[in-house]
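Open the model in your viewer and keep the selection panel handy. We will go from one element to the next, with a short note at each stop.

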Amino acid sequence: MKQILPLFARLIKIFNLPRSVLIISLWPIICSFSLIENSSGSPLRERPLWGFFAHKKINRLAVFTLPAEMFGFYKKNIEYITENAIRADERRYSVKGEAPKHFIDLDNYADSIRKQLAKSTWKDAVDKIGEDSLYAHGIVPWHINSMKYQLTEAFRKRDVKRILSLSADIGHYIADAHVPLHTTKNYNGQLSDQVGIHGFWESRLPETFAENYNFFVGQAAYEEYPQKRAWQTVMNANAALDSVLSFEKELSTQFSEDKKFSFEEVNGLTVRVYSKEFTNKYHQMLKSQVERQMRASVKMIGDFWFTCWVDAGQPDLLPLKKYEPTKEEDEEEKTEKANWLRRIFEVRKESDN
Ligand SMILES: [Zn+2]
């Protein structure tokens, strides 16, 4: 539930509503998010979100991996790249077909199938598995590859608006692909009695410890095999899954419920969180795993932005630095975002009736 609180904060801002009115109106949604954590079903759009904090930080840091020819343009737009790092998640609840782009349930496939899929183009995979089934179990590695082509195209056309929007979005999907719990159908520990572990790993840990992480990852490098890299990424993240789950289980045997959890005030609401002591111990057990995955995300995002630019023929980005969104573009973007959020509101209201 903690993961949707920032969304409420945005709604309050966008609709200029008193907090109390909004919380009362959205109470069914708040409750449904709490219920999700107890549910063993896996409705696609109800999967938890990567922490907003981590997404923003990762996109922002990726700018600093870029070579001089790209750095000026991205630096000028760093606030946009940072703020829009979470836009793909905002779309998840309101745009059909968005949710599967954020994950892949690798445990749904036998080893031999996984290996075949990793080498398959999207079209081949559809022929083999069928589109519905692929979507049901997530498509993040193919989607990263598809975004890579789109961003290259945007660079070729020197379409500033699309370059920025696709850069922010591909950063989001790449970061998601690094999260071990984005590679399993047990995405929130709901199949192993560890409900809440998703937000714990990807929100609470980075929010608590990222300040001390070393994010110096060096310069972006050209990636010759983007699809292979995307697949390696989800495979590596999946290899880390066992520690994510087993360490939490192991540690839980040493803590009583009231020591494992505590209550904190978040955006004016009291929510149950993992206690500081439990969080510290778990983080130590994981031995820099979150830091490693965040660093790898930053590096891969830089590599992909750079690769798209190179593949587009290294267009001169200096003239593009002058770009300022027109008033209409600004308005269009604000309306689009408000519509996503409004749709969440409406969809839930209808379904509750
Ligand atoms: Zn996501």
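Select residues 226-239, which form helix 14. With 14 residues at 1.5 Å a residue, helix 14 should span 20 Å, and its end C-alpha atoms are 20 Å apart, so the two agree; the expected span is 1.5 Å times one less than the number of residues. Helices here are DSSP runs of H or I with at least four residues, strands are runs of E with at least two, and both are numbered from the N terminus.

Before moving on, note that this is a predicted model, in which local features need pLDDT of at least 70 and side-chain atom pairs count only at pLDDT 80 or more, while totals for chains, interfaces and linings use all residues. Residues are numbered from 1 along each chain as its sequence is written.

Staying on helix 14, colour P226, R229, A230, W231, T233, V234 and A237: these are buried (20 or more other C-beta atoms within 10 Å of the residue's own, with 12 or fewer counting as exposed, anything in between as partly exposed, and C-beta atoms placed from the backbone). They pack against helix 8 (111-119), helix 11, helix 12 and helix 18 (289-311), where a contact means C-beta atoms, placed from the backbone, within 7 Å.

Next, select helix 12, residues 160-177. Of its 18 residues, 15 are buried, so helix 12 is largely enclosed by the rest of the structure. Its 18 residues should span 26 Å, and the end C-alpha atoms are 26 Å apart, which agrees.

Now add helix 11 (residues 140-156), which packs against helix 12 at about 160°, with the axes 9 Å apart. Axes are lines fitted to C-alpha atoms over the stretch in contact, and angles run from 0 to 180 degrees between N-to-C directions. The two helices are therefore roughly antiparallel (over 145 degrees). Among the residues that meet are I144, M147 and L151 in helix 11 and L166, I170 and Y173 in helix 12.

Finally, show helix 18 beside helix 12: they pack at about 140°, axes 9 Å apart. Helix 12 and helix 18 are therefore oblique to each other, the class for angles that are not under 35, over 145 or 65 to 115 degrees. Which residues of helix 12 meet helix 18? Pick S167, I170, G171, I174 and A175, then S297, M300, I301, F304 and W305 across from them in helix 18.

Zoom out to finish: the protein chain has 19 helices and two strands, and buried residues make up 36% of its 353 residues.

Methods:
Two residues are in contact if their C-beta atoms, placed from the backbone, lie within 7 Å.
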